[in-house]
Amino acid sequence: MGASSALSWVLLCIVLLSLCFQLIQCNVSYDRKALVINGQRRILFSGSIHYPRSTPEMWESLIEKAKDGGLDVIDTYVFWNLHEPSPGNYNFEGRNDLVRFIKMVREARLYVHLCIGPYICSEWNFGGFPVWLKYVPGISFRTDNEPFKSEMQKFTKKIVQLMKHEKLFESQGGPIILSQIENEYEPESKLFGAAGHAYMTWAAEMAVGMGTGVPWVMCKEEDAPDPVINTCNGFYCDYFSPNKPYKPSLWTEAWTGWFTEFGGPIYKRPVEDLAFGVARFIQNGGSFINYYMYHGGTNFGRTAGGPFITTSYDYDAPIDEYGLIRQPKYGHLKELHMAVKLCEQALLNADSTVTSLGNYEQAHVFSSKSGGCAAFLSNYNTKSAARVTFNKMNYHLPPWSISILPDCKKVVYNTAQVGVQTSQKQFFPTNSKLRLWETFSEDISSVASDTKLTVIGLLDQLNITRDSSDYLWYTTNIDIKSSESFLRGGQHPTLTVQSAGDAMHVFINGQLSGSAYGTRKNKRFTFTGNVNLHAGMNKISLLSIAVGLPNNGPHFETRNAGVLGPVALHGLDQGSRDLSWQKWSHKVGLIGEAMNLGSPSSISAGDWTSVNLAAKNQQPLTWYKVNFDAPEGDEPLALDMGSMGKGQLWINGQSIGRYWTAYANGDCSACSYAGTFRPKKKCQSGCNRPTQQWYHVPRSWLKQSKNLLVVFEEKDTPFLLLSSQVLELHLEAVGIFQHGTCHAPNSKAVIEKKCIGKQKCSLTISDANFGMDPCPSILKKLSVEAVCAP
């Protein structure tokens, strides 16, 4: 007994040592076909879910839905401006808790692709860079510049060390199998010439030198030096091949939709086209696909960049902004993943043989030495279906589609044949009423007297605000002689103000005189309007407003913003007067911001007054607040801001973000899945309606009662939100399955007889069960929707 027990302990110790060794020795490498994880080539489906664009309370559900959708990997950027808001001061709490997010992915037994960047673009404020970086002496972004490289290396090292400390790289037994340095650098690299190439090479060597034990990638960078893998981003990547024959073909951003901008339409990419693009990439040797985005989420606070990017970052992703599954995109892609995984061994162990089946039709066949065979039958015609013969069988190929045959015989999936019902969002009022509103109005007359910076001329907005606020006041005075003709019934003078962006309200002697706005395409704009001046001294106050900082382009850190002039007054008796080089006072932010009115901890209780419901128009620059109880249930919540103008929102001190009822201008004609998708040319929706009307309110931000909603409204819009309610969101299935052209008429009756009233059932597809085959030599598909009783 003693000898046996001792032997058992020896064996147990050997097993434990073996397990520990395997845990430590987990490794990721690559060859020409795929990423190799622990010695096994893998076809991997990945999805981008950005941790700060949702709440920690949403993360587990999002990750589980991604896993259920057939994903193997979760991809996320790392957001430098959130994690290092000031030099050397780090924040990894709340929505910024990167480690917690990655550990949740590990708990779901998924991998992670960590895009450290630290430049991320992503329609994020300043491309993810902290604003303080712009003011490091001698700095120049994303080129061979020592101050920039020094700061970039420090932050990259900080993130890598944090991951190593938590043992999160696959080489340590963690889930991170891939990391990215830089982001879509090729256009800048070419523009910067030798300095760009030197910086790119340095960045690659710096990243590899950190010894993570996992491969690094550079997306859209054809010159990425070994061992870094260059990868593809785009709507389609079947044309792509890596820069060395021993590197795999990776698609790090397969764009599932497109972002939205205030004043623009909503872009929706048909899932048939997305699936077609993925299948094209796979049949051409691709082995890693990351959907950007899989869950887009919300640009909470002032995190949206661009500028002019909406608070919603829904992106028409398979999981919508609220965390709900978007059908049929989610389900159709899930079926695609299952079909491809059935082909995995053949795809990874053979090269394709391409055979023409017609003018627009091809067969990509993967036949491995072990006997495995998989085929992809494609039809590139955008208008006509095709009937092709392959392996002595006939196949029907819809336009712009690919059929997948895991055994080179049976079709298990076609990219254009969607067997998933469509889900539709419906907003319903909750039982939570918004009553007893109070207001606080900005004192415009006190703007100049409270100013600390007065200079000759106009200063750049970002240089003054350092992005501490969206708002900057420019104020000057002008003396009007009593002899001016317009004072005796003539035409009022015209004020023109040129702005470098993004929006502006003009006040004359404390009264709103007009507003003007740029767009994402044309950020610079000019205000032109008649102004009401009186004899003597007049005050001109210009409130310049940022709608997010730029996030892409060469040296975007050097772009100007705000009122930079010229500012001129036209129509005076002596002609025009240039005001640009007068004394101008500059004041950062609003009184309400200084008083922290968006927070429950604000001590300004005595400054609020009741809303006058009889007023047709409210004062511009007005704060509104109300308390409300949390709605019952657990459905996602939203605020309907369609009746308001432009401003910002807070719930219990948490910033929901900017709102703006800018109406969408676009071409919302019919959308066909067939043909190349480009967001500016097809599949637009929401024209002539507010680009964004509903704003996500995370339930985790609410208490059971006495929740504080604060609205800051810039315009003199009638406050119709008074009568609105918090809305809850439901999903409804609105599509129905339809019979195909080849249909066994008794299918429904056969299935009902076999399956109704049972916990589970199985049914063989045969002539004995369904009757004589109505169309021999044509492969059929049986789809069943089961509604289970509670």
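Helices (H or I, at least four residues) and strands (E, at least two) are DSSP runs, numbered from the N terminus. The model on screen is predicted, so that local features need pLDDT of at least 70 and side-chain atom pairs count only at pLDDT 80 or more, while totals for chains, interfaces and linings use all residues. Residues are numbered from 1 along each chain as its sequence is written, and side-chain values use heavy atoms, with hydrogens and water left out.

**The whole chain**

Select the entire protein and colour it by secondary structure, which comes to 14 helices and 40 strands. The radius of gyration, 30 Å, is close to the 28 Å that the globule rule gives for 790 residues, so the protein is as compact as a globular protein of that length; the radius is taken over C-alpha atoms, and the rule is 2.2 Å times the number of residues to the power 0.38. Aligned along the principal axes, the C-alpha atoms fill a box of roughly 100 × 65 × 60 Å.

Switch to colouring by pLDDT, the predictor's confidence in each residue, from 0 to 100: the mean is 91, and 90% of the residues reach 70 or more. Then select residues 1-25, where the pLDDT is below 50 and where the model has four contacts (heavy atoms within 4.5 Å) beyond near neighbours in sequence.

**Two cis peptide bonds**

Go next to Pro118, in the loop between strand 6 (111-117) and helix 5 (146-165), and display the backbone, where the peptide bond from Gly117 to Pro118 is cis, with omega near 0°. Continue to Pro328, in the loop between strand 12 (288-295) and helix 9 (329-342), which is joined to Gln327 by a cis peptide bond with omega of about 10°. Most residues other than glycine have a negative phi, and most peptide bonds are trans.

**Two residues with positive phi**

Select Lys392, in the loop between strand 16 (386-390) and strand 17 (393-397); although Lys392 is not a glycine, it has a positive phi of about 65°. Is Lys392 buried or exposed? Its relative accessibility is 84%, so Lys392 counts as exposed, where exposed means over 50% relative accessible area, buried under 20% and partly exposed in between (1.4 Å probe, protein chains only).

Finish at Leu621, in the loop between strand 32 (609-610) and strand 33 (622-628), which is likewise not a glycine and has a positive phi of about 55°. Leu621 has 0% relative accessibility and therefore counts as buried; across the protein, buried residues make up 56% of the 790.
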